Amino acid sequence: MRVDVLIPDAPPMPRGPHGVNGGAADAFGKLVDAAGAILAGADRAEAAFASHRGGLQEMVVERARADIALQIAATAAQRTAQSLSTLLGMQI
């Protein structure tokens, strides 16, 4: 009997800080961080408009982007919680 080592076609996945792959949790964290950064940008645009350094159009566009990012993050959190609830409700 002969055993050969399998060589993967793709390079290994990068490891997270604790030695494991991030997966969906890491992707969700990045989504929330991105939404927070967009919200901070909208706050800066509003502050610039209030201090007469920015325009109304830039402020409205940044606020709309922030609202959409927040809506996407909320939907992702809701679907994640719903999926977790479904998994925990399964009988094994």
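Gln 71 counts as exposed, at 54% relative accessibility. That glutamine sits in helix H2, and it makes a handy starting point for a walk through this predicted model. From Gln 71 to Ala 35 the C-alpha separation is 9.2 Å, although the two residues are 36 apart along the chain.

**The overall picture**

Let's step back for a moment. The secondary structure consists of two helices and zero strands. Of the 92 residues in the protein, 10% are buried. The protein exposes about 7,900 Å², and 63% of that area is supplied by carbon and sulfur atoms. If we take the contacts between residues at least 6 apart in sequence, 47% of them join residues at least 24 apart.

**The two helices and the loop**

Helix H1 covers 23–50, and helix H2 covers residues 56–89. H2 has 34 residues and spans 49 Å from its first C-alpha to its last, which is close to the 50 Å expected at 1.5 Å a residue. Which residues of H2 are buried? They include Met 59, Ala 66, Ala 69 and Ala 73.

Ala 73 also appears in a pairing across the sequence: its C-alpha atom is 9.6 Å from that of Asp 33, with their positions 40 residues apart along the chain. Asp 33 belongs to helix H1 and is exposed, with a relative accessible area of 57%. Val 61, in helix H2, offers another such pair. Its C-alpha atom and that of Ala 45 are separated by 9.2 Å, and the two residues are 16 apart along the chain. Val 61 counts as partly exposed because its relative accessibility is 44%, which falls between the 20% limit for buried and the 50% limit for exposed.

Between H1 and H2 runs a loop, and His 52 lies in it. What is unusual about the phi of His 52? It is positive, about 60 degrees, although His 52 is not a glycine. Is this histidine buried or exposed? His 52 is exposed, with a relative accessible area of 75%.

**Salt bridges**

Side chains of opposite charge can pair when their charged atoms come close. How many salt bridges does a search of the whole structure find? The search finds three, and here they are with their N to O distances.

| Salt bridge | N to O distance |
|---|---|
| Arg 63 and Asp 43 | 3.1 Å |
| Arg 63 and Glu 46 | 2.8 Å |
| Arg 65 and Glu 62 | 3.5 Å |

Let's begin with the bridge between Arg 63 and Asp 43, whose side chains meet at 3.1 Å, N to O. Arg 63 lies in helix H2 and Asp 43 in helix H1, so this pair ties together parts that are 20 residues apart in sequence. Asp 43 is partly exposed, at 45% relative accessibility, and Arg 63 is partly exposed as well, with a relative accessible area of 24%.

Arg 63 has another partner in Glu 46, and their closest N and O atoms are 2.8 Å apart. Because Glu 46 lies in helix H1 and Arg 63 in helix H2, the pair ties together parts 17 residues apart in sequence. Glu 46 counts as partly exposed, at 30% relative accessibility. Taken together, Asp 43, Glu 46 and Arg 63 are linked in a network of salt bridges.

The bridge between Arg 65 and Glu 62 is set within one helix: both residues lie in H2, three residues apart, or about one turn of the helix. Why does that spacing suit a pair? An α-helix has 3.6 residues a turn, so residues three or four places apart point the same way. Here the closest N and O atoms are 3.5 Å apart, inside the 4 Å limit for a salt bridge. Both partners count as partly exposed: Arg 65 has 42% relative accessibility, and Glu 62 has 22%.

**A nonpolar patch**

Finally, have a look at the surface around Leu 56, a residue of helix H2. Together with Phe 49 and Val 60, Leu 56 makes a nonpolar surface patch of about 260 Å².

Conventions:
Residues numbered from 1 in each chain as written. Predicted model: local features only at pLDDT ≥ 70, side-chain atom pairs only at ≥ 80, totals over all residues. Heavy atoms only, no water. Helix = DSSP H or I, 4+ residues; strand = E, 2+ residues; numbered from the N terminus. Buried < 20%, exposed > 50% of the residue type's maximum accessible area, 1.4 Å probe, protein only. Contact = heavy atoms within 4.5 Å. Areas by Shrake-Rupley, 256 points an atom, 1.4 Å probe, with all protein chains shown as cover. Patch = residues over 30% accessible without salt bridge, like charges linked within 9 Å, V, L, I, M, F, W, Y side chains within 5 Å. Expected span 1.5 Å × (residues − 1).
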